[in-house]
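Visitor: Please pick one part of this model and take me through it closely. Keep the cut-offs explicit.

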Amino acid sequence: MDASNLFLFVGLPYIAFAIFLVGTIYRYRATGFKVSSLSSQFLEGRALFWASVPFHFGILVVFLGHLTAFLIPSGILAWNSNPVRLLVLQVTAFAFGISVLVGLVGLIYRRLTNPRVKMVTNNMDIVIELMLLVQTGAGLYIGYAHRWGASWFAADLSPYLWSIFLFRPEATAVAAMPFAIKLHIVNAFLIIAVFPFTRLVHILVAPFHYISRPYQRVIWNWDRNLVRNPASAWTETRPRNN
Amino acid sequence: MDIRAQISMVFHLDKCIGCHTCSIACKNIWTDRKGVEYQWWNNVETKPGTGYPSKWENQDIYKGGWERNQDGTIQLRGAGKGKGLGNIFHNPYLPTIEDYYEPFTYNYLNLIEAPPGDDQPTARPVSMITGEPIDVKMGPNWDDDLSGTPDYARNDPNMAGLSPAERQAMFELERLAFFYLPRICNHCLNPGCVASCPSGAIYKRGEDGIVLINQKVCRAWRMCVTACPYKKSYYNWHTGKSEKCILCYPRLEAGYAPACMHSCVGRIRYLGVMLYDADQIEKTAAVPDSELVNAQLSMILDPFDPEVIQAAKANGIADSTIKAAQNSPTYKFVKTWGMALPLHPEFRTLPMLFYVPPLLPVMASVTETDGAQKAKLNPIAKTWTDNWLYDTSTEELWGTVEQARFPLKYMAAMFTAGDEKAMAERIKKLMAIRIYRRWKTVGDVDEAKARKVLADVNLTELQAEDVYYLTSLAKFNDRFVIPPAHREQAHEMLEFVGDRRGSTGFGFRETPARGM
């Protein structure tokens, strides 16, 4: 394996994940106020529907698909053992990929043309949207040109990713992949690296906890019973809100 | 019994002169920043009118508040766990800036720096979002004083139940009237915004019931904007955080009145503590429409009742708070005298700001001075030479409740979820006190009548004097009865004093800047 492959498929992932971890933690702790989905629906709502909804639902499904193939490759391979099921999986993934592409193009168009949305656009928004566009384009091309990804991802790429996570990097298989796939992989690591510096951080604060919490929330500055108890020092009744 | 204290406000609508000083005081303190130019945490609306944002009371459009299901449970109309998370990528019920207005300023510099030319230089309006010239189509108080106008007053959602004839009568040229409705966050007991927030950023403070948005936890899922039926949670388009009225809690904690109240020219506002039973919230919010007002009022407990006091103390409520609850002007208006009502109780958020409905404006009727009419005449009534007069005698001034300038049905749609009887009771009380005071001061009402009207509405003479005092003569300390926060017990409150404007909710030192 030559030096460039070594850098792209062994060095880069570790650099990317290191930046991701340090950057995210730093951003959340030091500038937590800025962690927001920064919705611009208030400024423009109609076009957003046709862009945001296909993009988000599409990317959710595509991401979960990649995640499943990474976590349980044997399950995916078992599913794909029947050609019809493999076809169903491929077509579904491709359809949601198209959905991502349509939404993403819509989002970029809206961001560049709507004068109000332009005012709340920063450079990183454009950068990340273009990176995602490259990623989606490469992904769709792979799905079309290098069939059947659902199977070879589970067979070849999943072990590679595991080798990265288990600190036993083994990139020979990847180094032999066609260009589009390499691009998709390298771009993915780049997205992970810039992740903490973009609006994508809202993924990390997705409100899953809403499902299990009671609707109403009351917060007390201090414990209302202990505060009247002369035996308790105030230091024991720390506020629960800061 | 889980007794909690709630800071609540009463607005005496008869006293509001519509000067918008409260709105300006609030704006200058809290919302003069980028991204919140359009936010009016306090605004004053002309009623009948469409309000701000336009037609906010129409929940068919905005889907705010709670709705009652067939089985007697309630759910958020446009948000909640299912709808909120399902619509998180695009909230179909989110009002956009068109429903408010695009904030604008004027290009004033052009007036002095324009090069010589054939035309007078002008200051064109420019958008405060894009900086481009815009045509101003809406602005704050756009429908101010525009009662009777087809676009505004006649589109008032509260008139939905009125027949065309009744509407017509409201806008007859000689009878046309309006009143003002100042609105801030209602600091509800069953707040829709809190329930709708996927991040859990919005919460009600236990000690005083103020509803706040933790700016550090807000992630711009923007469901609170939809869920608040009063549209008092606003989205800051610059920082990507929702913001709302904080009842000037930093001022309250230090013993100062909120800016809107402190600046009120008409002295229409009263701020006091009320004790309520938090165990009743869920049950009360789910009663049928017709019982809503009474159910909500019955949650508010008598602060003189020894049992209530004991339970309050057991719940950690300070003695000074209990004492304030006993002297509370809001408790008097809402419970003791039964004169104040919540705004739109049918939204089921149990709003804790109350309104004394307007009796005014009264208007002398124009009559011809002949026969019977003349015999009734007060010597001071003004007669014109053509024998027409403005009859200012008492009966003509106040007439009956049914002849009130604003139809009972209209007022009931605003304050009692359609219960006209409950509305009439309040109006009658206001009238009775006026007639009683008319006897005392002007003397053109006889004593027997004055006493009879008081008895009719179950007010004693002493109570009538109290109402009169608190309405007309009350000093600041009678209208504002709030104990300062107990800092001696809460050292925590002294932390994070580096609060900045824009950092609503609990403080933090980070600059509230837009994220990447």
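Guide: The answer starts at the contact between the chains and works inward. The model is predicted: local features need pLDDT of at least 70, side-chain atom pairs count only at pLDDT 80 or more, and totals for chains, interfaces and linings use all residues. Residues are numbered from 1 along each chain as written, with chains lettered from A and ligands numbered from 1 in written order.

Take the contact first. Chain B brings 49 residues to it, and chain A brings 51 residues; two residues are in contact if their C-beta atoms, placed from the backbone, lie within 7 Å. On the chain B side, α3 (81–86), α6 (192–196) and β8 (202–205) each supply at least two residues. Helices are DSSP H or I runs of at least four residues, and strands are E runs of at least two, numbered from the N terminus. The most comes from β8(B), with 3 residues.

Now look at β8(B) itself. Which strand of chain A does β8(B) join? The partner is β1 of chain A, residues 218–219, held by 2 bridges and running parallel to β8(B). Strands pair when DSSP finds at least two bridges between them. Within this pairing, Lys204(B) is the bridge partner of Val218(A).

β8(B) has a second partner. β8(B) and β9(B) pair in the antiparallel sense, over 3 bridges. There, Leu212(B) in β9(B) stands opposite Tyr203(B). Put together, this gives an open sheet of 3 strands with mixed pairing, in the order β1(A)-β8(B)-β9(B). β1 of chain A and β9 (211–213) of chain B are its edge strands, each pairing on one side only.

Thr130(B) also reaches across to chain A. Thr130(B) is found in the loop between β6 (125–127) and α5 (164–170) of chain B. Setting aside neighbours within four places in sequence, Thr130(B) is in contact with Pro115(A), Arg116(A) and Met119(A). Why does Thr130(B) count as partly exposed? Because Thr130(B) has 16 C-beta neighbours inside 10 Å. The scale, with backbone-placed C-beta atoms, is buried at 20 or more others within 10 Å, exposed at 12 or fewer, and partly exposed in between. Within chain B, Glu102(B) lies 28 residues from Thr130(B) in sequence, and the two are 9.7 Å apart, C-alpha to C-alpha.

Next, go inward. Ile202(B) is among the residues with the most contacts inside the largest nonpolar core, which has 133 residues. Val10(B), Phe333(B), Ala340(B), Ala432(B) and Tyr436(B) are listed with it. Such a core is a set of buried Ala, Val, Leu, Ile, Met, Phe, Trp, Tyr and Cys residues joined through C-beta atoms within 7 Å. Helix α18 (residues 420–441) of chain B gives the most to this core, with 10 residues. Not counting residues up to four places away in sequence, Ala432(B) touches Val453(B), Leu454(B), Asp456(B), Val457(B) and Leu459(B). Apart from this core lies another, of 27 residues, among them Ala69(A), Leu104(A), Tyr160(A) and Ile181(A).

One more sheet belongs to chain B. Its 5 strands run β13-β14-β1-β12-β18, open and with mixed pairing. The edges are β13 (341–342) and β18 (480–481) of chain B. In this sheet, β1 (residues 3–12) of chain B and β12 (residues 269–277) of chain B pair antiparallel over 9 bridges. Ile7(B) has Val273(B) as its bridge partner in β12(B).

Last, the setting. Chain B has 21 helices and 18 strands. Of its 516 residues, 47% count as buried.
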